[in-house]
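Here's a quick walk through a model, written for someone who likes to check contacts and areas for themselves. Have a look at it before reading on.

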Amino acid sequence: MQEIERKFLITNLKFKKEAINSFEIAQGYLNTHPERSVRIRINGNLGFLTVKGKSNESGTSRFEWEREIPIAEAKQLLQLCEK
């Protein structure tokens, strides 16, 4: 699967007034090698394991693989993440 990078420069916090809800995300990286990264993320009651490849030369896209994993496993894997 190909991920398309979309990056935005935030210059102020006015956008927060437009928010209709918010949620907390916990995440950590098992590996942050320049050629690939392996991320664990908890979003609500869902856990995810994500592997991302190196960005293309323009930095606009890269390979991404993501799977939902049990929340208990995601919590365990977060304990192994890099500082």
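What follows goes from the overall layout to the core, the salt bridges, the surface and a couple of long-range pairs.

## Overall layout

First things first: this is a predicted model. The protein has five strands and one helix, and reading from the N terminus the order is β-β-β-β-β-α. With 83 residues, the globule rule would give a radius of gyration of 12 Å, but the value here is 15 Å, well over that, so the protein is more spread out than a compact globule.

If you want a box for it, the C-alpha atoms fill roughly 35 × 35 × 25 Å along the principal axes. Accessible surface adds up to about 6900 Å², and carbon and sulfur atoms own 54% of that. As for burial, 22% of the 83 residues count as buried. Taking contacts between residues at least 6 apart in sequence, 38% join residues at least 24 apart.

## The core

Which residues make up the largest nonpolar core? There are five of them: I40, I42, I69, A74 and C81.

I40 is a good one to click on. Leaving out residues up to four places away in sequence, I40 touches A26, Q27, G28, L30, F48, L49, A74, L77, L78 and C81. Two of those partners, A74 and C81, are listed in the core along with I40.

## Three salt bridges

How many salt bridges does the structure hold? The count is three, and they're worth taking one by one.

Start with E35 and K54, whose closest N and O atoms are 3.7 Å apart. E35 sits in the loop between strand 2 (25–31) and strand 3 (36–43), while K54 is in the loop between strand 4 (46–53) and strand 5 (61–69), so this bridge ties together parts that are 19 residues apart in sequence. E35 is partly exposed, at 39% relative accessible area, and K54 counts as exposed, at 52%. For K54 that's a call made just past the cut-off, because exposed means over 50%.

Next up, E66 pairs with R39, with 3.5 Å between the closest N and O atoms. This one links distant parts of the chain too: E66 is in strand 5 and R39 in strand 3, 27 residues apart. Is R39 buried or exposed? R39 counts as buried, with a relative accessibility of 7%, whereas E66 is partly exposed at 33%.

The remaining bridge brings the side chains of K52 and E64 together, at 3.6 Å from N to O. K52 belongs to strand 4 and E64 to strand 5, twelve residues apart, so to speak a link between distant parts of the chain. Both ends are on the buried side of the cut-off: K52 has 11% relative accessibility, and E64 has 13%.

## A nonpolar patch on the surface

Over on the surface, F8, I10, L13 and F15 form a nonpolar patch, and together they have about 500 Å² of accessible area. Where does I10 sit? I10 is in the loop between strand 1 (2–4) and strand 2. With 54% relative accessibility, I10 counts as exposed.

## F63 and Q79

F63 is in strand 5 and is partly exposed, with a relative accessible area of 42%. Its contacts, not counting residues up to four places away in sequence, are M1, Q2, V51, K52 and G53. K52 is also the residue that meets E64 in a salt bridge. Measuring by C-alpha atoms isn't the point of those contacts, but for a longer-range pair, F63 and R36 are 9.2 Å apart in space with their positions 27 residues apart in sequence.Q79 comes after the helix, in the segment that follows helix 1 (71–78). Is this residue, Q79, buried or exposed? At 66% relative accessibility, Q79 counts as exposed. Q79 and L30 are 49 residues apart in sequence, yet their C-alpha atoms are 9.4 Å apart in space. L30 also turns up among the residues that I40 touches.

Conventions: Residues are numbered from 1 along each chain as its sequence is written. This is a predicted model: local features need pLDDT of at least 70, side-chain atom pairs count only at pLDDT 80 or more; totals for chains, interfaces and linings use all residues. Side-chain values use heavy atoms; hydrogens and water are left out. A nonpolar core is a set of buried Ala, Val, Leu, Ile, Met, Phe, Trp, Tyr and Cys residues joined through side-chain atoms within 4.5 Å. Buried means under 20% relative accessible area, exposed over 50%, partly exposed in between (1.4 Å probe, protein chains only). Contact means heavy atoms within 4.5 Å. A salt bridge is a side-chain nitrogen of Lys or Arg within 4 Å of a carboxyl oxygen of Asp or Glu. Helices (H or I, at least four residues) and strands (E, at least two) are DSSP runs, numbered from the N terminus. Patches are made of residues with over 30% relative accessible area and no salt bridge: like charges are joined within 9 Å, nonpolar side chains (Val, Leu, Ile, Met, Phe, Trp, Tyr) within 5 Å. Accessible areas come from the Shrake-Rupley method with a 1.4 Å probe; for residues, only the protein chains shown count as cover. The radius of gyration is taken over C-alpha atoms; the globule rule is 2.2 Å times the number of residues to the power 0.38.
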